[in-house]
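Me: Could you take me through the metal site in this one, and then through the empty space around it and elsewhere? I'd like the cut-offs spelled out as you go.

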Amino acid sequence: MIIYEHGTLVTVDPQRRIITDGALAVEGGRFIAIDKTQVLRERFPAEPRTDLQGKVVTPGLINTHVHLAQAMIRGCADDMELLDWLGKRVWVLQGNYSEEDGRASAELCILEMLKSGTTAFVECMLAERYGFDGIAEVVVHSGIRAALSKIVMDVATYATKDSWMHPGMVEDRETTLKNTLAMYDKWDGAGNGRLAVWFGPRTPGGVTPELYREISELARERDMGITVHLAEVQADRTYLKEHFGQTPAQFAEHVGLVGPRVLLVHMVWLDANDIDILARTGTHVSHNPASNAKLASGIAPVPEMLAAGVNVALGTDGGPSNNTYDVVREMRWASYVHKARTLDPMVTPAEAALEMATINGAKAMGLENEIGSLEVGKQADFVAFDLDKPRLTPSMNPVSTLVCAATGADVDTVVIGGRIVVQAGHALTMDEERILREARERAAAVWRRAGIEFKPSWPII
Ligand SMILES: [Zn+2]
């Protein structure tokens with residue numbers, strides 16, 4: 001047992017209490033007491049303790065939309081239109097990955113996430129060629145929690161354009177279905193329950209309605225999660241209207257992609273009826289404001305979804321669309337961008353952004369009884385931020401300071417299931433020097449194999 005004391009605890013518990021000079025008692029990987037430091041000192045006078053003086057403690061952050069394989073192609077396609085972005089850069093580079101590249105990129109991504117306070121994430125689309133086993137091993141050894149979703153597909157096109165996928169990214173129905181279930185049997189529940197295996201079918205256009213229904217059925221039988229990109233760009237909405245006469249949420253409901261085990265990603269192009277369907281069915285949404293802004297996809301109607309009772313969580317998306325996996329910076333986007341769109345400064349306050357990144361993310365992963373808040377009985381997943389810095393001073397409201405002024409670089413300590421994985425800003429479970437060196441070398445080799453030369457807009461001499 002260990003006591004973490006003298007921190008400012010932003011609990012995100014049902015009363016949303018913020019406990020000054022607070023303490024957390026952790027035993028067996030879970031919180032067994034949370035209170036003022038003085039109270040826990042009286043109750044546990046002789047237990048070992050760690051001082052969090054000057055730190056703000058939040059529940060571990062949850063990133064509900066991650067492409068692990070894209071960390072190593074960070075910045076590969078800035079300022080490009082989405083279908084070119086995919087067809088000329090992202091798919092071509094990823095289509096040249098080996099399993100060793102897949103593992104190296106996952107290590108880079110998870111290292112970045114741990115150091116910036118993310119304790120759980122949903123990977124949305126693992127391709128066969130990235131090597132599921134190697135990536136699952138990285139998750140287990142790093143100490144992070146994850147839902148790894150494996151691609152399922154049966155059509156090699158995307159949305160309205162006849163942009164055939166890079167051959168390295170094309171997979172078939174039988175293999176993707178069979179291997180997703182095989183990985184589920186092998187890895188679901190690994191790492192003391194930290195790892196889950198989900199279905200990650202491609203976007204409409206890459207999957208037939210029949211296959212979506214089959215996935216939905218298979219997932220239901222096993223209580224597996226499903227995550228899908230939907231209504232990201234206007235063309236997605238047009239495609240569904242033209243081919244099926246349906247709006248995005250109507251289509252999702254029609255093919256079985258709704259309900260509490262389904263996490264729909266982006267959901268930018270929705271109407272009021274779509275939002276009603278999501279609320280009625282308890283379907284979760286992963287909001288990715290920075291990616292949607294950078295790719296000029298639009299701004300998701302998040303204040304409207306929250307008002308309707310839809311559970312909206314937060315995601316960063318990938319290295320080419322964001323270009324960081326820092327959930328702290330993503331909270332800032334999630335708070336600010338809706339004020340700009342609605343011309344209402346009172347929508348999406350800092351508190352709403354922190355909810356999206358914690359308790360709402362836990363719900364989206366089906367883990368709201370385990371993580372997402374600092375509460376007795378839950379897993380001891382938490383982050384201590386060091387706010388003793390000029391740009392974070394003074395701090396009148398720790399939630400505002402975190403969302404509006406902090407970044408992931410302000411993370412000091414990260415604990416997952418009681419295990420310290422980051423201390424004084426340093427990762428304890430991963431070899432940072434080797435991971436960065438390998439990522440640089442492998443990234444250069446992938447570009448060479450893909451036959452693309454990277455040319456920045458300004459000359460580098
Ligand atoms: Zn994505």
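Reply: Here's the metal site, followed by the cavities and the pockets.

A bit of housekeeping comes before that. This is a predicted model, where local features need pLDDT of at least 70 and side-chain atom pairs count only at pLDDT 80 or more, while totals for chains, interfaces and linings use all residues. Residues are numbered from 1 along each chain as its sequence is written, and side-chain values use heavy atoms, with hydrogens and water left out.

Start with the zinc ion. Its protein donors are His65 (NE2), His67 (NE2), His229 (NE2) and Asp317 (OD), at 2.1 to 2.4 Å. A donor here is an N, O or S atom within 2.8 Å of the metal (3.2 Å for Na, K and Ca), and water is not among the atoms, so sites may look incomplete. Along the sequence, the donor residues follow the spacing H-x1-H-x161-H-x87-D. His67 sits in the loop between strand S6 (61–66) and helix H2 (82–94), and His229 in strand S10 (residues 226–230), so this pair ties together parts that are 162 residues apart in sequence. Helices (H or I, at least four residues) and strands (E, at least two) are DSSP runs, numbered from the N terminus.

What is the geometry of the site of the zinc ion? It's irregular, with angles of 84 to 175° among the 4 donor atoms. For reference, four donors count as tetrahedral if all angles lie between 85 and 135 degrees; four count as square planar and six as octahedral if opposite donors are over 155 degrees apart and all others between 65 and 115; anything else is irregular.

Both histidines of that pair are buried: His67 has a relative accessible area of 9%, and His229 has 7%. Buried means under 20% relative accessible area, exposed over 50%, and partly exposed in between (1.4 Å probe, protein chains only).

Now the empty space. On a 1 Å grid over the protein atoms alone, a cavity is a set of points where a 1.4 Å probe fits but cannot get out, and a pocket is an open set with protein on both sides within 12 Å along at least five of seven lines; lining residues have an atom within 4 Å of a point. Grid points are joined across faces, edges and corners, and a volume is the space filled by probe spheres set on the points.

There are 2 cavities of 30 Å³ or more, and the largest cavity holds about 310 Å³. His67 and His229 turn up again here: along with Leu86, Trp91 and Met125, they are the closest to its centre of the 27 residues in the lining. H2 gives the largest share of that lining, 6 residues. By class, the lining has 14 nonpolar, 9 polar and 4 charged residues (Ala, Val, Leu, Ile, Met, Phe, Trp, Tyr, Cys and Pro count as nonpolar, Asp, Glu, Lys and Arg as charged, and the others, Gly among them, as polar).

The second largest cavity has about 30 Å³, and helix H8 (residues 234–244) gives the most to its lining, 3 residues.

As for pockets, the largest has about 290 Å³ of space. Of its 24 lining residues, Gly193, Leu195, Ala196, Met365 and Leu367 lie nearest the centre. The second largest pocket comes to about 200 Å³, and helix H3 supplies the largest share of its lining, with 4 residues.
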